[in-house]
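Biologist: I should be grateful for a close look at one part of this model, set out for a first-year student. Please choose a strand, describe its surroundings with care, and then place it beside other parts of the chain.

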Amino acid sequence: MMNNSRKTIIRVWYTAFALALCIYQVANAQFGQQIQWSADGNGIIRLEQGEIIEEAVVNPRQQVILASRADLTPVDSAAPLAVRRFAFSLDRSHILINTNTKRVWRYDTRGDYWVFNRQDKTLRQLGRSLPRSSLMYAKFSPDGKQVAYVSGHNLYVENVSGSTITPLTQDGTDRIIHGTFDWAYEEEFGCRDGFRWSPDGKKIAFWTIDARTIRNFLMINNTDSAYSYTIPVEYPKVGEAPSGAAIAVVDVASGRTVKMDIPGDPVQHYLPRMEWAANSDELIIQQLNRKQQESNLYLADAANGRCTRIYQESDEAWIDVKGRWNNDDPSGWEWIADGKAFIWVSEKDGWRHLYRIDRQGREQLITPGDYDVIAITRIDEANGYIYFSASPGNATQQYLYRVKLAGGPPDRITPEGQDGTHHYTISPNGKLALHQYSSHAAISRGHVISLPDHRTLAEGHYHELPPDERRAEFFSVTTADGVEMDGWMVKPKAFDPTKKYPVVFYVYGEPAGQTVSDTYGVGTNRLYKGDMAADGYLYISVENRGTPAPKGRAWRKAIYKNIGILNIRDQAMAAKEILKWPFVDSSRVAVWGWSGGGSSTLNLLFQHPEIYQTGIAVAAVGNQLMYDNIYQERYMGVPQEDPAPFVQGSPVTHARNLRGQLLYIHGTGDDNVHYQNAELLLNELIKHNKQFSFMPYPNRSHAINEGEGTTEHLSTLYTNFLKQHCPPGGR
């Protein structure tokens with residue numbers, strides 16, 4: 001999901017490119033970044049060689065060192081802090097430094113925090129009496145005099161100038177979770193930072209997750225000691241009741257806590273979003289029912305907890321939360337008109353559109369038309385516009401548009417003539433943007449432009465591939481069911497149209513990801529050791545219904561109660577059309593995928609053995625009843641009400657049909673898709689005497705990238721199996 005590789009470019013362009021990369025590819029905006037805009041929007045603040053510097057984006061030679069290596073060196077240390085993230089107080093007099101970080105599930109959100117005072121050049125560690133690397137999501141109060149943070153599932157506040165640590169909660173455990181979230185909320189809603197300072201700095205609103213009823217799933221470590229031991233993960237399987245969620249407000253000075261009186265059973269509802277309602281007296285809270293088909297917005301009185309519903313919407317399939325169009329970050333609330341209204345995103349009219357909603361729940365459609373808003377890029381209220389990304393004409397691409405806050409037809413800001421995917425990070429003042437452009441044919445990074453005229457103020461780096469080096473070709477295919485699907489194809493380098501070539505399909509196929517996009521590097525197989533095109537493979541991916549392509553609600557939500565069913569038929573029917581092409585060898589057809597793509601691979605191999613002879617599935621959900629409740633119930637319903645789709649869509653149900661060659665790969669330490677899925681699948685294959693290849697990776701997570709030699713081994717395994725059972729080259 002994140003590509004950390006960066007090609008060497010001239011330093012003058014590095015700043016803009018690095019910021020664009022950070023904003024668009026790192027889902028950690030809610031707890032600080034290594035690179036960020038300056039308050040006036042004319043420069044950026046970034047980390048360079050251990051120092052925090054501010055640099056004008058139009059003239060990178062104008063630099064100011066805000067914290068030097070010497071400044072960031074503790075008095076009892078010879079080495080400066082290894083800065084992972086930083087954040088400023090509003091008056092910029094203090095810098096909060098996050099270091100010595102440790103991973104919690106997917107992200108390194110636990111660590112140590114230090115405060116650097118820029119005026120007297122002092123550096124002081126926070127939470128010194130608490131366990132090392134235990135602090136999470138530290139944030140300055142609005143006046144910059146205090147810092148709040150989570151440690152050991154409790155919420156604390158500490159004065160910047162002193163060393164007094166005040167606990168605001170004291171009953172936190174691994175099951176009573178204050179100020180952050182459990183595994184399922186983090187994984188499926190993007191919820192991590194679970195507390196918010198009030199604008200006046202006197203109160204903190206925070207979540208409490210009650211996971212006491214959630215059973216542990218036990219992963220087993222057999223390699224790190226003479227006797228094996230278990231690693232418990234509180235993990236609610238599909239069909240199991242969720243954790244209870246509550247929201248409270250604590251007065252920082254007195255410690256008095258008021259719980260918000262949110263209607264409904266807290267165990268049968270989710271609370272994925274909460275913020276202060278543009279003042280220090282009220283909260284605004286989003287509540288979803290367990291099926292995630294009904295969304296309620298409440299204004300909550302912080303003084304007495306009384307909640308008033310101001311807005312409600314429903315969907316026969318599911319309702320997406322903000323993280324789905326905000327880089328997996330659900331935080332923030334888009335207030336306008338001095339807090340009298342806010343911007344909301346809904347698919348209620350069949351397309352993902354922007355609405356203005358006031359505090360009484362009255363709504364106004366801002367972006368009418370048959371197109372999807374992909375993401376909000378910036379609300380420029382001073383000039384009366386909202387900038388957003390969209391691609392009305394091609395779902396594989398992305399461009400910048402703007403629309404008046406009053407609503408109406410959008411204006412395209414991205415100039416014509418650069419087909420592909422465009423990303424912008426717009427400055428707080430709405431006048432500048434860092435522009436990154438990518439397509440299968442070219443990549444352009446580090447440009448600084450003015451808005452709205454898109455005039456280039458500072459040139460970046462542009463690289464265009466010669467026509468003979470452009471890897472991917474885009475196409476569309478219409479299936480026998482009348483479904484038109486986008487796809488890309490990489491042909492062999494020495495392509496001879498009179499010959500027939502083996503085809504390798506790359507698949508994901510579920511609502512969490514899109515594989516067909518016009519971006520640089522599309523068509524690259526990161527697991528293949530070597531060059532697939534040079535070796536003589538056709539490499540293809542097609543996008544089935546149910547993936548998050550900007551093709552409207554009906555496209556995306558056709559997969560409701562149909563994972564493992566509709567997406568599999570779409571993929572197979574597209575493959576049938578592709579196999580009619582004269583240069584495709586229908587006797588050498590392979591498919592592979594990871595996670596949801598691994599599940600799709602298994603289902604394609606089992607449900608359509610007449611098409612696919614070879615499959616490589618990595619970290620797959622073999623039985624949908626073994627995955628987490630938030631994800632699986634969102635897209636498949638509650639199994640107690642209708643278990644049939646879960647059974648019909650699970651690979652274990654169809655394993656008896658295996659005829660081709662299967663390589664199955666799974667990490668035994670996978671906390672996301674449990675290794676249990678592998679063993680259940682293996683048992684079913686064994687029961688039916690189906691021969692297959694299997695590779696477990698001890699203690700590796702869902703990414704299978706831990707441990708010396710792992711990546712090389714996995715790549716070699718994948719490549720050798722593919723070459724053996726789906727030989728390359730034209731015939």
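Modeller: The account below begins with one strand and its partners, and then turns to other parts of the chain. Please keep in mind throughout that this is a predicted model.

The chosen part is strand S10, which covers residues 146-151. How many of its residues are buried? Six of its six residues are buried, and S10 is thus described as mostly covered. A general point helps in reading such a strand: in a regular strand the side chains alternate between the two faces of the sheet. In S10, Gln146, Ala148 and Val150 point one way, while Val147, Tyr149 and Ser151 point the other way. The residues of both sets are buried.

Next come the partners of S10. In general, strands of a sheet pair through backbone hydrogen bonds, either parallel or antiparallel. Strand S9, residues 135-140, pairs with S10 in the antiparallel sense over four bridges. Within this pairing, Met136 has Val150 of S10 as its bridge partner. S9 and S10 form a hairpin with five residues between the strands, and Gly144 in this hairpin takes a positive phi near 75°.

S10 also pairs with strand S11, residues 154-159, again in the antiparallel sense, and here there are six bridges. Ser151 stands opposite Asn154 of S11. The hairpin of S10 and S11 has two residues between the strands, and Gly152 in the turn has a positive phi of about 60°.

Strand S18, residues 244-251, offers a second example. Seven of its eight residues are buried, so S18 is largely enclosed by the rest of the structure. Eight bridges join S18 to strand S15, residues 203-210, and the two run antiparallel. In this pairing Ile204 stands opposite Val250. S18 pairs as well with strand S19, residues 257-259, in the antiparallel sense over three bridges, and there Val249 stands opposite Val258. The hairpin of S18 and S19 has five residues between the strands, and Gly255 in this hairpin takes a positive phi near 85°.

The loop between strand S17 (229-234) and S18 contains Ser243. Is Ser243 buried or exposed? Its relative accessibility is 3%, so Ser243 counts as buried; the cut-off for this term is under 20%. The side chain of Ser243 makes a polar contact of 2.7 Å with the side chain of Asp182. When residues up to four places away in sequence are not counted, Ser243 touches Asp182, Ile209, Asp210, Ala211, Ile214, Pro266 and Val267.

Another sheet lies earlier in the numbering. What is the order of its four strands? They form an open sheet in the order S1-S2-S3-S4, with antiparallel pairing. Strand S1 (35-37) and strand S4 (63-67) stand at the edges with a single partner strand each, so one side of each has no neighbour in the sheet. On average, neighbouring strands of this sheet are turned by 25° against each other, direction ignored. Strand S2 (residues 43-48) and strand S3 (residues 51-56) pair over six bridges in the antiparallel sense, and Arg46 stands opposite Ile53 in S3.

The last topic is enclosed space. As a general point, rolling a probe the size of a water molecule over the atoms shows where empty space is left. In this model the count comes to seven cavities of 30 Å³ or more, and the largest cavity has a volume of about 90 Å³. Among the residues that line the largest cavity are Glu313, Asp320, Trp325, Glu347, Arg352 and Lys557. Strand S23 (307-314) and strand S25 (341-346) each supply at least two residues of this lining.

Asp320, one of the lining residues, lies in the loop between S23 and strand S24 (335-336). With a relative accessibility of 11%, Asp320 counts as buried. Its side chain makes a polar contact of 3.0 Å with the side chain of Trp318, and a polar contact of 3.3 Å joins the side chains of Asp320 and Arg324. Leaving aside neighbours within four places in sequence, Asp320 is in contact with Trp325 and Arg352. Asp320 and Glu347 are 27 residues apart along the chain, and their C-alpha atoms are separated by 8.8 Å.

Methods. Residues are numbered from 1 along each chain as its sequence is written. This is a predicted model: local features need pLDDT of at least 70, side-chain atom pairs count only at pLDDT 80 or more; totals for chains, interfaces and linings use all residues. Side-chain values use heavy atoms; hydrogens and water are left out. Two strands pair if DSSP finds at least two bridges between them. Axes are lines fitted to C-alpha atoms, for helices over the stretch in contact, and angles run from 0 to 180 degrees between N-to-C directions. Buried means under 20% relative accessible area, exposed over 50%, partly exposed in between (1.4 Å probe, protein chains only). A polar contact is a pair of N or O atoms within 3.5 Å; within protein, one must be able to donate a hydrogen and the other to accept it, and residues adjacent in sequence count only if both atoms are side-chain atoms. Contact means heavy atoms within 4.5 Å. On a 1 Å grid over the protein atoms alone, a cavity is a set of points where a 1.4 Å probe fits but cannot get out, and a pocket is an open set with protein on both sides within 12 Å along at least five of seven lines; lining residues have an atom within 4 Å of a point. Grid points are joined across faces, edges and corners, and a volume is the space filled by probe spheres set on the points.
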